[in-house]
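Subject: Handover of a structure and findings

Dear colleague,

Please find below the structure that I am passing on to you. My notes on it follow directly after.

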Amino acid sequence: MKESVLWRRLDRAVGTRLRARYKNKESGVAMVMALMFILVVLLTSTLLLGILLSQALPYRNNARNAQGKVAAEAGLQAGLSFLRTTESYYETGNYDKLMPATTADPSKTSLDETYAVETATASSSATGTAKVVTLNYVPVNDTTSGTTAVSTSSSTHDQKLSYRIQIGYYDGDPNTTGKLVSDATKLSTVKYAVVVSYGYVNRYPDGRTAGTEADPVRTAAAIYKFGQATEKPNNGNGGHNGAASVSFVQSKQMDKWVRVTGTTFTANGDIDTVTADDNYSDLTKNIPDPRSSLCMVASNGKDGTPLQAADFIDASTGKFSEDIFNSRINNAVVRIFRRATSTDNGPWTFKYSSYCQSHGDYRYTNNWIYYGDDSIRLARWNGTVLVATDWCVTGLSVNDANANANAARLTKCGNSYSPKITGTQIVPGSNHGYSEEAELKDSDSQLMKSQKWAFYYRFINAAYLNKDSTGSYTKVATGGLVSNTTLYQQLMAVQVPQLSNTIGNNDFHRSCDANANGNNTSDSQYDGSKQCYLQVSTWSTGLSASGLSTTDEYFSSLGSAGEAGWETHQIVSDTGYCMNALGASTDNAPVLSFLCSVNAAPLRPFCNKSAIDNQYWNYSVAPQCPLVPGDESWQNIGDNSWQNDYVDYAKGGETVIDTATGLAQSTAPSKTNLTFTANTGVGCFVVTGTSEGSTLVTKFGNCTTSDDRATFYRYEKVADEGTEPEKAKFNYTYVLASSVADEKQPWLSPGVLCLTETTGLTQKRGSLPDGQKNPRIELQKCQGAMYDATGAKYYPQRWNAPDKDSSANKPGIGTSYNVTANASISYASSKYVDAANWKW
């Protein structure tokens, strides 16, 4: 101690004086010096400890606050998502959806992640309490749930980050004069909502059952204003010849293209007018002549009057009534209208019909989906999603072979059977992906109710009729196909002056024009004496219609592709068309975006084209037509021209989610070739080069993943577009493997290239420079959503997306619907924002 610097300094400062005072008695001086030394050391240590604590504690608190904020933000987004969903009901007058029927009970872990109603302290209420919506406990970093950010609550969550939500409704701005609305009978007055999310770190420090609960670390709050939904039209001009929305049926005659010079919209966000000319200096602004597209509208089954939204309002409540809707839709017929008209000879102003506007007067009756079970269903917007209803287009009864041709009717959908419903891939020579035997025995199956439709250049009933031993047509989809004997049925269009004229009318056409070779591009609407209906043919030994052949396309498949997809060995674009090496027999044949052959069993019209057209055929086996026990031999398709849309690939793996943030951390794509089978051999799809603009072509022979032009990474769902748009660009894509540095995190690689469905950019009005009427597939920079000449949003790089039937951001559907909350979001510690202080 005496050798230390501190001791020597003390000795110089006070030691001499102490020795003089004590007459150089060292023992007394040493004692005093030692005590002073200890005192200085203690004071210095205390000072240093204070400094260290002042540095460490804020860091600890900041880390804890950051964790709490993550939890609070997750809860805030969940609450806003709940409001976006309930707003769709609010808009139709179903206000009771704002208040869940479940009563909250914090003691029940089974209710932790269920929206419920609780009674909260409310200083603004005369009673001191009010009812608010709550979500009691949701973990956000549950490591027990694998890659899932949020999982079912249990006692194992006690040491996790979590959040709790409360939502209150107001009849006005809660920051001014708005009053809290908790009476369920007054929810129609709601104009605003307040979401408060509480972020916890270790909410139950002593375990869930101990009764000890910690305070929230951070709280996030937001004000949500109802009625602020914004809609951006998405009319699907980005795909195959401007692939029609599900509201539309489209004819083949699309050689006429126009250049868009301007677009106006209705108050509902639908296209109102498009101005265009025939100046093709900028081909990126090209769209097909919109007069060539048609839309379908559910109409009164007695007189053919199109049904409007007002027809489903309950006069006593002023609200949309599900009961009235179901009553009036039952047995409705389907009218067909022109999407747009124009009296100009060019430049043009195209006026879009209210019949075909997805969010206008006919919004409940003009949206359709060719569903994954091969039914054609009326659909309806539910907030951000277009959802299929239980009403299906129905043909003539399978129990009445002598029924007259008639207008197609809407009836309740039967039970579904298809490989996409079961999620089972068809294995040639082994299975069809589902039980056909069970389907035939089920009298309420869609097949037996004439609601299951295959698609092969037109919609064809998946059932067929054969004679029994007495000569009567009682055998439904049983036995082989017999020339001039087996009966088939199809859907087409017929123009008549009124609904009654559809009975017995087999004068089918490719469009609603009386001329069978018409292309829809005249100026008149299909109304008045030129009414057009979706018509069901009589049961017939052949389905040849006026002007119909397999070399032309007459109907689109409603922007969807039924069961087609991975389960059926097909690669379906976001517009409902398939990768297809049409008629390829040599290397370097272009891969096109072409109509999918939806080979719905039992008929499989692709495999039986000549049979259903009552022609002679030679039997052979196509890869699309598997031979399994009980099947008949399949034939080669018409004109010996194979549709090579039978493509195999390895599916990608799951995305790893960061359990702390809920964000995509890494992916597990497959490294795969796209292999096809044709009558001349097997091969794969390859790109002509490894740079942007290279096109996809055929290559016969064996392919391996060592070939950089034939090798792709297949990604499934990577991330949510709303929260991680850069990562979501890779959702359901095929990425050229050589263009990405780290396949697990492709968003970090610049210049990544994706297979892209082209948009007809090389096509002109009356001229097809490349000799192709169908868009090709090429490499373009991965970019997710794109926009066409009218500003419509579409996804030409997504293939075999599993939500094809109901995603609102798809060109086969009609619009992109984005609900935005008021940007009033705040964060604070729990003592500043809590249920008692936030106007409850």
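A polar contact is a pair of N or O atoms within 3.5 Å. One such pair is found at the start of helix α3 (residues 322-329), where a side-chain oxygen of S321 comes to within 3.4 Å of the backbone nitrogen of D323. Please note that the model is predicted. After helix α3 comes N331, which has a positive phi, near 70°.

A second polar contact involves strand β30 (residues 592-595), in which S593 has its place. The side chains of S593 and E757 are joined by a polar contact of 2.4 Å. S593 has a relative accessible area of 1% and is therefore buried.

Disulfides

The structure contains 5 disulfides. Three of them are described here, including their handedness and their surroundings.

One disulfide connects C295 with C356, with an S to S distance of 2.1 Å. Its torsion about the S-S bond is about -75°, so this disulfide is left-handed. The two cysteines belong to distant parts of the chain, 61 residues apart: C295 is in strand β12 (residues 293-299), and C356 is in the loop between β17 and β18. C295 and C356 are both buried.

Another disulfide is formed by C392 and C413, whose sulfur atoms are 2.0 Å apart. This link is right-handed, with 105° about the S-S bond. Because C392 lies in strand β20 (residues 385-394) and C413 in the loop between β22 (409-412) and α4 (419-422), the pair ties together parts that are 21 residues apart in sequence. C392 counts as buried at 0% relative accessibility, and C413 is buried with a relative accessible area of 16%.

A further disulfide joins C684 and C703, at 2.0 Å from S to S. The link of C684 and C703 is left-handed, with -80° about the S-S bond. C684 lies in strand β36 (residues 681-687) and C703 in the loop between β37 and β38, so parts that are 19 residues apart in sequence are tied together by this pair. C684 is buried at 0% relative accessibility; C703, with a relative accessible area of 18%, is also buried.

The sheet that includes β36

Strand β36 also takes part in an open sheet of 4 strands, which has the order β31-β35-β36-β37 and antiparallel pairing. At the edges stand β31 (647-648) and β37 (696-700), each with a single partner strand, so one side of each has no neighbour in the sheet. The partner of β31 is strand β35 (residues 675-678), and the two pair in the antiparallel sense over 2 bridges. Within this pairing, V647 is placed opposite F676 in β35.

Aromatic rings

The count of aromatic pairs comes to 17. One of these is the tilted pair of F320 and Y364, at 4.6 Å centre to centre and with 35° between the planes. F320 is in strand β14 (residues 319-320) and Y364 is in the loop between β17 (348-352) and β18 (367-370), so the pair ties together parts that are 44 residues apart in sequence. The loop between β17 and β18 is also where C356 is found. F320 counts as buried at 6% relative accessibility, and Y364 is buried as well, with a relative accessible area of 8%.

A second tilted pair consists of Y715 and F730, at 6.1 Å centre to centre and with 55° between the planes. Y715 lies in the loop between β38 (712-714) and α7 (725-728), while F730 lies in the loop between α7 and β39 (734-736), so this pair ties together parts that are 15 residues apart in sequence. Both Y715 and F730 are buried.

F320 and Y364 also belong to one aromatic cluster, together with F312 and F325.

Charges over rings

Two further rings have a charged side chain over the face. R164 lies over the face of Y198, at 4.3 Å from the ring centre. K651 is placed over the face of W566, at 4.4 Å from the ring centre.

Yours sincerely

Key:
Residues are numbered from 1 along each chain as its sequence is written. This is a predicted model: local features need pLDDT of at least 70, side-chain atom pairs count only at pLDDT 80 or more; totals for chains, interfaces and linings use all residues. Side-chain values use heavy atoms; hydrogens and water are left out. Rings of Phe, Tyr and Trp (its six-membered ring) pair if their centres lie within 6.5 Å; planes under 30 degrees apart count as stacked, over 60 as edge-to-face and the rest as tilted. Buried means under 20% relative accessible area, exposed over 50%, partly exposed in between (1.4 Å probe, protein chains only). A charge sits over a ring if NZ of Lys or CZ of Arg is within 6 Å of the ring centre and within 35 degrees of the ring normal. Two strands pair if DSSP finds at least two bridges between them. A polar contact is a pair of N or O atoms within 3.5 Å; within protein, one must be able to donate a hydrogen and the other to accept it, and residues adjacent in sequence count only if both atoms are side-chain atoms. A disulfide is a pair of cysteine sulfur atoms within 2.5 Å.
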